[in-house]
Amino acid sequence: PKQQQIATNVFENANNKKLGDLAQDMLVYGGKMYIAVYNSKVIFVTDRQGKIVKELRVAQEDGKNLSPRALIGYNGKIYATLYEGYLAQIDTVDYGVSLVKVGDNPEGLVAVDKKVYVANSGGMNFTVGKDYGNTISVVSVEDYMAEVATIQVAKNPTKLLSNLRGDIFLISMGDYETVPNTLQRIDPKSLSVAKITERPVTYMSMGSDNKLYYISAQYDENWNAVTSVGIYDTFTGEMKEDFLSDGSIIKNTPTSISVDPVSGDVYIGTSDYVSEGDMYLFSSDAKLVHTFGTGGLNPIGAFFVVGLK
C-alpha cells in the first residue's frame, strides 16, 4: 500500500545545518543527490538520505564563487548552469570541474547526442537597460567543452527538456509585457525552432510515455490565477488541452509540475509566496489523489528516488 507521509527538513535533520539561501534545483543521479543553492553559491552533494557527501563551490579564474541554477546528469557527469554565464561539467567521482562560457544568465539545460543545450535567459539584462536573451548555446561535451553553435529562440528562454528520441522542448518566458511565454520545439539535427501552441506555457515535465505535461497559468481581471494543464504527445503531435477539467481546484499560483516516471502520477506545486506551499497529486487520469503542505515556500518540483537502493 502507498504511504502518504511527508518528512520535512530532511536536509537540516541529516546535517544539523540549514540548506541555505534559495535552493534552485535538485537532481537525483546514480547513488547521490545534488542540490543547487543559488545565493549561497554551493552545490550540495548528498547520499539518498540527504547526508552531505561534498560541498561543491565552482569558482571562475579570479577565485569568485559562481551561482548555480539548473542541474542535469548525462553520461556519468553532472552539468550545471552558473548564472554569471557559464556551463560547468562536474565529475561524479573526484568532483573535478570544467567550465565553458555561454550566454548571459543561463537557466535550464538538456543533453542530447553528446551535446548540452543551455538556455541563455539574459534575465538580469533589464537592470542595465538591455533586452532579455534569445539564444540557446549548443555545447560539445564528449571529448572537449566548447560552444559549437547558437540557436535563435523566443525571448527569455528558461526551461529545456527532451523526449526519448532526442527532440528538445523549450519554454521562453517572454518580457512579461508584450511578448508571451512560449512553448517551442527544437530539432537537434537541423537546429530549427517551431512554436507548438499559442497558449502561454509556464512549466512543463516529460512523462516516461513521451507525453509533455504543461501548465498554462494566467490571471483574470481580478488578478486571480487561472490554471489549466495540457498534454502534448511529443511523438504523434496530438494536443490535449484539458488534462484537468476543473483547473479551479488549484487554489494558488503554480510553481512546478513533475511526472512520476514509474506511476505516471502528476505533481503540481503551488504557492502564494507568503505561506507554506502546497503540492497537488493527480493520478495519470487526472483524478485528485490528495494535497499536502510541502513544509516550505515555493515548491520547485517533485524529485523521484527510484532505481538504486
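**Briefing: an antiparallel sheet, two nonpolar cores and a buried glycine**

Four strands form an open sheet in the order β1-β2-β3-β4, with antiparallel pairing. The structure is a predicted model. Two of these strands, β2 (32–37) and β3 (42–46), also supply residues to the largest nonpolar core.

**The four-stranded sheet**
- The edges are held by β1 (23–29) and β4 (52–56), each with a single partner strand, so one side of each has no neighbour in the sheet.
- On average, neighbouring strands of this sheet are turned by 15° against each other, direction ignored.
- Five bridges join β2 and β3 in the antiparallel sense.
- Within this pairing, alanine 36 lies opposite isoleucine 43 of β3.

**Nonpolar cores**
- The largest nonpolar core has 16 residues, of which Tyr34, Ile43, Leu56, Leu71, Ile78, Leu82 and Ile90 touch the most other members.
- At least two residues of this core come from each of β2 (32–37), β3 (42–46), β6 (77–82) and β7 (86–91).
- Beyond its neighbours within four places in sequence, isoleucine 90 contacts Ile43, Leu56, Lys77, Ile78, Ala80, Tyr95, Gly96 and Val97.
- A second, separate core comprises 14 residues, including Ile72, Leu87, Val102 and Leu109.

**Glycine 277**
- Glycine 277 lies in the loop between β22 (266–271) and β23 (278–282).
- Its relative accessible area is 0%, so glycine 277 counts as buried, the cut-off being under 20%.
- Not counting residues up to four places away in sequence, glycine 277 touches Thr270, Phe292, Gly293, Thr294, Gly296, Leu297 and Pro299.
- From C-alpha to C-alpha, glycine 277 and valine 128 are 33 Å apart in space, and 149 residues separate them in sequence.

Note on methods. Residues numbered from 1 in each chain as written. Predicted model: local features only at pLDDT ≥ 70, side-chain atom pairs only at ≥ 80, totals over all residues. Heavy atoms only, no water. Core = buried A, V, L, I, M, F, W, Y, C linked by side-chain atoms within 4.5 Å. Buried < 20%, exposed > 50% of the residue type's maximum accessible area, 1.4 Å probe, protein only. Contact = heavy atoms within 4.5 Å. Pairing = 2+ DSSP bridges. Axes fitted to C-alpha atoms, helices over the stretch in contact; angles between N-to-C directions.
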